[in-house]
Amino acid sequence: MNHTRRTGSILSRRLAGAATWWQHRRRNGDADEAGESVADSRRVVVLASGNGSNLQALLDAGVEVVLVASDRADAYALERGRLAGVDTAVVRPADHPDRPAFDRALRDLVAAARPDAVCLAGFMRILGPEFVRAFPDRIVNTHPSLLPAFRGAHAVRDALAYGVRVSGCTVHLVDEEVDHGPVLFQAAVPVEDGDDEASLHERIKREEHRLLPLAVGLVAAGRVRTDGRRAWLTAEVPVD
Ligand code: GRF
């Protein structure tokens, strides 16, 4: 391949190039500057509360998930982790006296897994500073709207109720505000006539499944830097 190379692109403007670059390296098992495989050597912890289709997308993409943790013992995401041979754990808020104590317990569990990145894949708890400060610029969340529109737990329902014709997903770094950190990737998704919450959410999830593994891989590999709200890709990226 004869790519022109360029350094320091804004992730959101270089989506196509970054995707090409990452998939090419994964396919060929290229070595990075340290002489190790970028794709295979990074440790990722996933937090999930529900079905875990985004966790599945990470597993299917070959991301090295070393722990799946949930706040709910009945989360199907845990079963997906077990089926993939990944360690799983449950940390229930009800087992802790207050939210900071829950945050600390979860933080200690995750830190013990020595993650290069932490991925919130449908994790329905707000993480406090005790947790977020332990993994600066290393926590990735996916949210089913084009932020800053429709923050919160009912983003798809709220977008439909508002009557938008276009929604989408936002994959972003996590800071101490809810659904707020620097944007890594966004994808727009049309709202079709006759959509209900389930059908629109399914269409949005298809984009999440494409973008989340890419974002997590880049963050885990230390390829992302932030400057205020802007996220930058530090690796060389092929420009088509
Ligand atoms: C995703 O749409 C994510 O954006 C939201 O919760 C959903 C989780 O889906 N926070 P799944 O459990 O990964 O299927």
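**Exercise 1. Is Tyr162 buried or exposed, and what is its relative accessibility?**

*Solution.* The model is a predicted one, and every value below is computed from it. Step one is to take the relative accessibility of Tyr162, which is 65%. Step two is to compare that value with the cut-off: a residue counts as exposed over 50%, so Tyr162 counts as exposed.

**Exercise 2. Describe the aromatic pairs of the structure and classify their geometry.**

*Solution.* A pair of aromatic rings is described by the distance of the centres and the angle of the planes. The structure holds two such pairs. For Phe131 and Phe135, the ring centres are 5.1 Å apart and the planes stand at 50 degrees, so this pair is tilted; both Phe131 and Phe135 are buried. For Phe150 and Tyr162, the centres are 5.8 Å apart and the planes stand at 65 degrees, which is why the pair is edge-to-face. The pair of Phe150 and Tyr162 links distant parts of the chain, since Phe150 belongs to the loop between strand 6 and helix 6 (155-162), whereas Tyr162 belongs to helix 6, 12 residues apart.

**Exercise 3. Work out how helix 6 and helix 7 are arranged with respect to each other.**

*Solution.* Two packed helices are described by the angle between their axes and the distance between the axes. Here the axes of helix 6 and helix 7 come within 9 Å and cross at roughly 115 degrees, and the crossing is right-handed. At the level of residues, Val156, Arg157 and Leu160 in helix 6 meet Glu197, Leu200, His201 and Ile204 in helix 7.

**Exercise 4. Explain why helix 2 is largely enclosed by the rest of the structure.**

*Solution.* The first step is to count: six of the eight residues of helix 2 (residues 53-60) are buried, and therefore the helix is largely enclosed. The second step is to name them, namely Ser53, Asn54, Leu55, Ala57, Leu58 and Leu59. The third step is to ask what covers these buried residues, and the answer is strand 2 (44-47), strand 3 (65-70), helix 3 (76-83), strand 5 (117-120), strand 6 (139-143) and helix 7 (197-220). Asn54 serves as an example, being buried with a relative accessible area of 8%; leaving aside its neighbours within four places in sequence, Asn54 is in contact with Ala121, Thr142, Glu208, His209 and Leu212. After helix 2 comes Gly62, which has a positive phi, near 85 degrees.

**Exercise 5. Place strand 2 within its sheet, and determine which strands stand at the edges.**

*Solution.* The sheet is open, consists of seven strands in the order 4-3-2-5-6-7-8, and has mixed pairing. Strand 4 (87-90) and strand 8 (183-190) each have a single partner strand and stand at the edges, so one side of each is left without a neighbour in the sheet. Strand 2 pairs in the parallel sense with strand 3 over four bridges, where Val44 has Val65 as its bridge partner, and likewise in the parallel sense with strand 5 over four bridges, where Leu47 stands opposite Leu120. Together with helix 2, strands 2 and 3 make a right-handed β-α-β unit. Both faces of strand 2 are covered, for Val44 and Val46 on one side and Val45 and Leu47 on the other are all buried. Continuing outward, strand 5 runs parallel to strand 6, joined by three bridges, and Leu120 has Asn141 in strand 6 as its bridge partner. Helix 7 packs on the sheet, touching strands 2, 5, 6, 7 (166-173) and 8, and its direction makes about 160 degrees with that of strand 8.

Note on methods. Residues are numbered from 1 along each chain as its sequence is written. This is a predicted model: local features need pLDDT of at least 70, side-chain atom pairs count only at pLDDT 80 or more; totals for chains, interfaces and linings use all residues. Side-chain values use heavy atoms; hydrogens and water are left out. Buried means under 20% relative accessible area, exposed over 50%, partly exposed in between (1.4 Å probe, protein chains only). Helices (H or I, at least four residues) and strands (E, at least two) are DSSP runs, numbered from the N terminus. Contact means heavy atoms within 4.5 Å. Rings of Phe, Tyr and Trp (its six-membered ring) pair if their centres lie within 6.5 Å; planes under 30 degrees apart count as stacked, over 60 as edge-to-face and the rest as tilted. Two strands pair if DSSP finds at least two bridges between them. A crossover is right-handed if, with the strands pointing away from the viewer, the path from the first strand over the helix to the second runs clockwise. Axes are lines fitted to C-alpha atoms, for helices over the stretch in contact, and angles run from 0 to 180 degrees between N-to-C directions. A crossing is left-handed if the near helix is turned anticlockwise from the far one by less than a right angle, and right-handed if clockwise.
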